[in-house]
Structure formats: structure tokens, C-alpha cells
Amino acid sequence: RATLAAIPSRTRVLVAKAVSFGTAALVVGAVQAFGAFAAARPILADRSIDVALTDPDALRGVGMATLAVAGAGLFGLGAGLLIRHTAGAIGAVVVVMFVVPILALLFPDSWDGVAKALPSSAMYGMFTPNSATFAAGPATAMFFGYVAALLVVAGMLFARRDTSGGG
């Protein structure tokens with residue numbers, strides 16, 4: 001409320017929040033992705049798989065994992081703005097990203113296209129594309145399409161709400 005009292009333009013507040021959070025998430029995502037690569041490298045070497053970070057596929061995977069962390073955080077930011085209840089937003093993101101994909105495994109094979117189009121499948125396909133996901137490029141476009149759509153809808157609702165709170 002204090003932020004909105006000082007800066008009544010909700011759009012500017014949302015853009016500033018998304019940019020600052022997105023930047024922080026990129027930094028955290030990069031540390032996490034490089035750390036995961038460094039931790040996995042000796043394990044892979046024990047299996048006679050030697051992959052250097054300078055390998056284009058490895059570098060792409062680390063970079064896309066970095067973007068995926070930032071995108072997942074922005075997805076959560078959008079859910080939080082939309083739902084306006086911390087526990088509800090966390091629950092919704094967990095359901096969308098983890099529960100729905102598990103339930104999708106119960107669908108018949110003819111629904112594989114639907115499972116590939118889920119936000120979690122798109123995010124995973126960004127850095128580890130396989131037969132259950134789209135290729136990295138389309139998966140990235142799809143995932144950030146979900147993120148952008150969620151932020152736009154949440155931003156439109158945020159801009160229309162009163163400043164008295166209520167949730």
C-alpha cells in the first residue's frame with residue numbers, strides 16, 4: 001500500500017517489480033544453472049561423458065535453464081498479482097507446474113499434444129528438449145507466452161483494483 005500511495009501508477013509499479021524481480025531471478029538462475037552444471041560434470045565424467053561448458057549444447061542448456069528460473073519466478077509473480085493471496089498463489093503455481101503434469105500422464109496417448117503444451121513441459125523443453133516436449137525454440141516461445149499472458153491479465157486486474165487491499 002505504501003508503494004501505491006507513493007507511486008499511484010500501478011502499471012509503473014508492476015513494470016518496476018517485474019524488471020527488478022526478473023533481474024534478480026536471472027542472477028539466481030545463472031548461479032543455480034552453472035552450479036548444477038559444475039555438480040553434474042564429475043558425475044557424467046564417471047560415466048565417460050565429458051562435456052565442457054564451451055560445448056554449444058551445454059552452454060545453451062545452462063543459458064536456457066537460467067531463463068527458465070527467471071520465467072518461473074515471473075509466472076509466480078503473475079499468479080500472485082492475479083490471486084492476491086500468497087498461499088493461494090503458491091498453491092496454484094504448484095498445481096499448474098507439478099500436479100497437472102502428473103495427471104496428464106493418465107491421459108490417453110492421443111492427448112500427448114496437450115501434455116506437451118503445459119507450462120511445465122514448455123519450461124522443461126527449453127533446456128532439456130525430448131520426445132515429451134517441444135523443441136527448445138518453440139518451447140521457449142510457448143513458456144514465455146504463458147508468462148507474458150499471465151502478467152498482462154494480472155497487470156490489467158491490478159491496474160483496476162482499488163488501493164484498499166482486500167486480499
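These are my notebook entries on a pocket, a helix crossing and two single residues, all looked up in a predicted model.

**Entry 1: the largest pocket**

I began with the largest pocket, and I noted for it a volume of about 470 Å³. I then looked up its lining, which is made of 25 residues, and wrote down that Pro101, Ala115, Leu118, Ser120 and Ser121 are the closest to the pocket centre. Going through the elements, I found that α3 (56-83), α4 (86-104), α5 (112-116) and α6 (119-127) each give two or more residues to this lining. Which element gives the most to it? I found that it is α4, with six residues. When I sorted the lining of the largest pocket by class, I had 18 nonpolar residues, four polar ones and three charged ones.

**Entry 2: helix α6 and Ser121**

I stayed with α6, since its name had come up in the lining, and asked how many of its residues are buried. I counted seven of the nine, which makes α6 a mostly covered helix. The buried ones I listed are Pro119, Ser120, Ser121, Ala122, Met123, Gly125 and Met126, and these buried residues pack against α3, α4, α5 and α7.

From this helix I picked out Ser121 for a separate look. Its relative accessibility is 13%, and because buried means under 20%, Ser121 counts as buried. Leaving out residues up to four places away in sequence, I found Ser121 touching Ala115, Lys116, Ala132 and Thr133.

**Entry 3: where α2 meets α7**

Next I followed helix α2 (residues 10-46) to helix α7 (residues 136-160), and noted that their axes come within 9 Å and cross at roughly 145 degrees. The crossing in which α2 passes α7 is right-handed. On the α2 side I wrote down Arg10, Thr11, Val13 and Leu14, and these meet Leu151, Gly155, Phe158 and Ala159 in α7. By class, this contact has five nonpolar residues, two polar and one charged.

**Entry 4: Val51 in a loop**

Last, I looked up Val51, which I found in the loop between α2 and α3. Is Val51 buried or partly exposed? Its relative accessibility is 23%, and because the partly exposed class lies between 20% and 50%, Val51 counts as partly exposed. Setting aside neighbours within four places in sequence, I saw that Val51 is in contact with Phe37, Arg41 and Ala58. I also compared Val51 with Val28, and wrote down that the two are 23 residues apart in sequence and 23 Å apart in space, taken from C-alpha to C-alpha.

Definitions and conventions: Residues are numbered from 1 along each chain as its sequence is written. This is a predicted model: local features need pLDDT of at least 70, side-chain atom pairs count only at pLDDT 80 or more; totals for chains, interfaces and linings use all residues. Side-chain values use heavy atoms; hydrogens and water are left out. On a 1 Å grid over the protein atoms alone, a cavity is a set of points where a 1.4 Å probe fits but cannot get out, and a pocket is an open set with protein on both sides within 12 Å along at least five of seven lines; lining residues have an atom within 4 Å of a point. Grid points are joined across faces, edges and corners, and a volume is the space filled by probe spheres set on the points. Helices (H or I, at least four residues) and strands (E, at least two) are DSSP runs, numbered from the N terminus. Ala, Val, Leu, Ile, Met, Phe, Trp, Tyr, Cys and Pro count as nonpolar, Asp, Glu, Lys and Arg as charged, and the others, Gly among them, as polar. Axes are lines fitted to C-alpha atoms, for helices over the stretch in contact, and angles run from 0 to 180 degrees between N-to-C directions. A crossing is left-handed if the near helix is turned anticlockwise from the far one by less than a right angle, and right-handed if clockwise. Contact means heavy atoms within 4.5 Å. Buried means under 20% relative accessible area, exposed over 50%, partly exposed in between (1.4 Å probe, protein chains only).
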